[in-house]
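Visitor: I'd like a close look at a single part of this one, please. Could you take me through the place where the two chains meet?

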Amino acid sequence: MPKLSDLKKGEKGKIVDVSSQEIPMKLLEMGCLPGNSVRLIQQAPFQGPIYLEVNGSYVAIRKETAKLIEIELSK
Amino acid sequence: MSKQIKVALIGNPNTGKTSIFNSLTGLNQKIANYPGVTVEKKEGVCRLSRGTKAHIFDLPGTYSLNASSMDENLVVELLLNKNHKDFPDLAIIVSDVENLKRNLILFTQVKDLEIPTVLAINMSDRMKYKGIELNIEKLEKELDTKIILTTNRSKEWVGDIKNLIENYKELSSKIFLDTSIIEPEYFNNLKKIFPNQKLYKLWVVICQDVNFSNVSRQEIENTDFEIKSKSQLKRLQQKETIKRYQLINNILNEGQIIDSSKAQGFRAKIDKILTHKIFGYLIFLMVLMAIFQSIYEWASVPMDLIDSSFASLADWVKINFPSGAMTNLLADGIITGVGGIVIFIPQIAFLFMFISILEESGYMSRVVFLTDKTMQKFGLSGKSVVPLISGVACAIPAIMATRNIESWKERLITILVTPFMTCAARLPVYLIIIALVIPDEKIFGLNYQAIALMSLYIIGFVTALLSSLVLTKILKIKKRSIFVMEMPNYKFPRIKDVFYTVFEKSKSFVVEAGKIILAISVILWVLATNGIGDKFENPRNYITENVQEISQEEIQTLEASIKLESSFIGYIGKGIEPLFKPLGYDWKIGIGIITSFAAREVFVGTLAVIYNIDNYDDSVGKKEEIKKIMARETDSNGNKIFTLASGISLLLFYAFAMQCMSTLAIVKKETNSWKWPILQFIIMTALAYFISLISFQILS
Ligand SMILES: Nc1nc2c(ncn2[C@@H]2O[C@H](COP(=O)(O)OP(=O)(O)O)[C@@H](O)[C@H]2O)c(=O)[nH]1
Ligand SMILES: [Mg+2]
């Protein structure tokens with residue numbers, strides 16, 4: 001299953017699973033929940049944080065967190 | 001006195017709570033003890049009709065009632081504690097019209113605490129541009145609340161909100177979501193054990209990591225109630241969030257129309273440049289340089305003006321007041337001391353202005369995004385950039401601004417290293433010492449004095465980074481790599497809002513520093529003009545020079561200095577002199593350093609008091625600049641006190657030493673333990689001593 005961290009700049013996906021313990025509650029409250037679509041806007045250099053649009057919110061998270069979120073790639 | 005209504009402004013970060021607060025209260029704001037981006041509760045008064053007053057509280061932004069950082073805690077704590085003196089009679093939930101869906105999550109949670117609510121949908125000026133239409137009547141009915149469309153571009157709505165506040169008793173306080181439907185079995189059980197408590201409130205308490213006064217977690221854990229593991233709780237919280245989103249989506253589907261063909265472009269275009277992997281960093285560097293440049297260029301005009309006004313004020317006092325020690329205290333101690341602070345207002349105001357513009361425009365988040373990875377290498381978070389930059393103004397608000405850093409280890413390290421940044425209070429000391437010991441000459445078109453000052457800033461920043469590196473290695477705290485940051489829309493900051501911030505911060509800087517300076521000047525003066533013993537009573541008998549051969553004026557000067565050395569402050573100073581001698585300081589500088597532990601900016605005022613008593617000089621209308629007196633100072637062998645060696649040693653001492661009680665107090669408060677401020681104090685001061693010692697021994 002692809003992870004949120006696999007998205008490339010400009011690509012979209014749909015969130016499938018966020019059940020990992022390590023995912024901060026705040027991210028879920030911003031709408032990062034199963035079923036919602038997500039788009040990668042920018043990737044900071046050297047594997048830095050990623051900048052996403054999800055559920056109408058714009059949010060930056062670290063790669064480590066993105067690796068825990070399962071998605072489905074959409075075209 | 002009539003009833004005072006308490007109103008809490010609550011909402012996601014950046015939705016315009018502070019703007020609404022400003023519109024409602026104007027300059028009637030009770031200034032918080034410490035300035036800062038709203039990390040503390042701020043209180044202001046709003047006058048309603050018939051003499052009723054509303055106390056408005058501006059609170060830090062939060063996404064939900066599940067507090068995950070310190071600043072969010074403050075909000076949750078207030079809303080859960082009915083006995084809190086500021087517990088609100090009603091809450092105004094401020095939401096951003098562009099992201100109602102997410103904003104309403106918090107709204108429904110506050111509603112479930114059974115607090116009467118008003119929903120302020122802010123940024124309504126952007127609706128047309130974004131193609132958003134709202135059916136207010138429908139939304140009011142479905143959400144069971146009163147809705148006001150607000151904007152900081154006009155004031156038409158203010159009357160409506162005042163009306164609602166005044167009649168807050170008519171607002172609905174019915175819950176939005178029946179908590180038990182999240183998981184009936186668990187919640188019905190909970191209800192049985194605590195029949196008298198509100199169910200949602202219990203649930204919020206259970207989910208927090210902190211204790212709240214009236215229903216403590218222990219109390220809950222002590223019953224035979226089934227305790228859920230962290231992961232089970234989290235699953236329930238997730239369920240709650242999903243449930244709320246479902247209900248909100250249903251409501252918005254009917255009450256909101258968004259024409260998605262409308263503008264998205266502006267944000268994307270700017271982001272493309274500002275978060276670009278090369279231009280992003282270049283622009284950030286340019287912004288920083290522009291800030292420093294303008295602080296020193298622009299601020300010099302008002303600074304010169306202030307300098308000369310205080311000098312004339314001191315002269316005026318000396319001419320028009322009966323001459324004597326008391327007048328000298330007023331003119332040379334207090335006026336010069338306070339002037340030494342007031343002169344920095346322009347720079348501080350500029351600095352706060354830039355920081356507030358960077359914050360409000362949304363740019364700061366992009367900097368955090370760009371620097372996170374690099375900062376992590378030093379054990380910090382991208383979010384540490386904000387405290388480090390504001391640390392250049394003052395460490396106190398900077399340390400408070402660490403509250404949104406989620407990882408405790410990253411936050412602690414940020415708190416510990418921020419005081420190394422060159423704060424505004426160091427400037428008075430730096431500038432006067434640099435003017436004394438560094439030549440005012442140029443090399444390759446660069447002024448030596450400017451280079452010296454720049455180097456001190458760089459030393460501060462580099463030390464902050466290096467100590468973080470060391471701290472990450474030695475602190476045995478498990479690090480969780482949490483980092484969630486909203487990237488807000490770009491906004492043009494409003495001049496008025498920026499002005500409020502600048503005004504408030506500058507005012508509290510002067511008031512706080514002024515109080516300390518006043519107190520210390522008086523104490524020093526009393527200690528310096530009193531003493532016991534024959535040497536103090538009859539200094540003339542102790543003059544070693546032949547009295548016949550020297551002028552009357554010289555005799556008086558000698559007398560004054562013998563008298564000062566045998567005053568109380570002289571004894572104290574002589575007592576500590578051995579400690580400071582190896583660093584190149586005489587006992588007077590020693591006293592200056594000791595008083596600086598109250599606050600660094602006191603240094604200049606302290607020297608002014610001591611030197612002016614020493615330089616017995618009641619020639620009126622000829623106030624000597626403190627700088628000139630300092631340049632003349634010599635030790636008993638006639639060697640100058642302020643040389644390159646002692647000057648640099650002193651500069652380095654101020655760069656590293658932890659000389660600020662208020663900072664230590666805030667570190668104690670923010671870390672909730674004495675351990676960290678004490679360690680910070682010892683280590684920084686020892687480092688300062690050691691480095692100054694080495695530099696003096698090498699240079700002299
Ligand atoms: N266009 C627009 N911008 C606003 C409005 N209200 C606030 N802002 C801007 O939004 C940003 C955040 O506002 P602020 O009051 O600091 O929000 P807070 O974080 O909730 O206190 C600032 O740049 C404000 O100038 C509004 O009604 N319309
Ligand atoms: Mg605010």
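Visitor: Before we get there, which domains is chain B divided into? After that, stay with the side of chain B that touches chain A.

Guide: Sure. Keep in mind that this is a predicted model. Chain B splits into domain 1 (4-170), domain 2 (179-262) and domain 3 (279-474). Between domain 2 of chain B and domain 3 of chain B, the C-alpha centres are 45 Å apart.

Now to the interface. On the chain B side, 42 residues are in contact with 34 residues of chain A. Together the two chains bury about 3,200 Å², with carbon and sulfur atoms giving 55% of that area. Three residues stand out here: K234(B), F369(B) and V484(B) supply 21% of the area that chain B buries against chain A, more than any other three residues.

As for polar links, 19 residue pairs are in polar contact across the interface of chain B and chain A, with both partners at pLDDT 80 or more. Which elements of chain B bring the residues? At least two each come from α3 (100-112), α10 (230-255), α11 (265-274), α16 (363-377) and β12 (484-486) of chain B. Of the elements, α10(B) gives the most, with 8 residues on the side of chain B that touches chain A. Sort that side by residue type and you get 11 nonpolar, 15 polar and 16 charged.

On to the charged pairs. The interface of chain B and chain A holds 3 salt bridges. In one pairing across it, the side chain of D372(B) meets that of R62(A) in a salt bridge, 2.8 Å from N to O.

The backbone joins in too. Strand β4 of chain A (residues 57-61) runs antiparallel to β12(B), and 3 bridges join the two. Look along that pairing and you'll find V59(A) standing opposite E486(B) in β12(B).

If you zoom back out, the whole structure has 23 salt bridges over all chains. Here's one inside chain B: E166(B) and R50(B) meet through their side chains at 3.6 Å, N to O. E166(B) sits in helix α6 (residues 158-166) of chain B and R50(B) in the loop between β3 (42-47) and β4 (53-58) of chain B, so this pair ties together parts that are 116 residues apart in sequence.

Conventions. Residues numbered from 1 in each chain as written. Chains lettered and ligands numbered in written order. Predicted model: local features only at pLDDT ≥ 70, side-chain atom pairs only at ≥ 80, totals over all residues. Heavy atoms only, no water. Contact = heavy atoms within 4.5 Å. Buried area = accessible area lost by both parts, 1.4 Å probe. Salt bridge = Lys/Arg side-chain N within 4 Å of Asp/Glu carboxyl O. Polar contact = N/O pair within 3.5 Å; in protein donor to acceptor, adjacent residues only side chain to side chain. Helix = DSSP H or I, 4+ residues; strand = E, 2+ residues; numbered from the N terminus. Nonpolar A, V, L, I, M, F, W, Y, C, P; charged D, E, K, R; others polar. Pairing = 2+ DSSP bridges. Domains from an automatic or database assignment.
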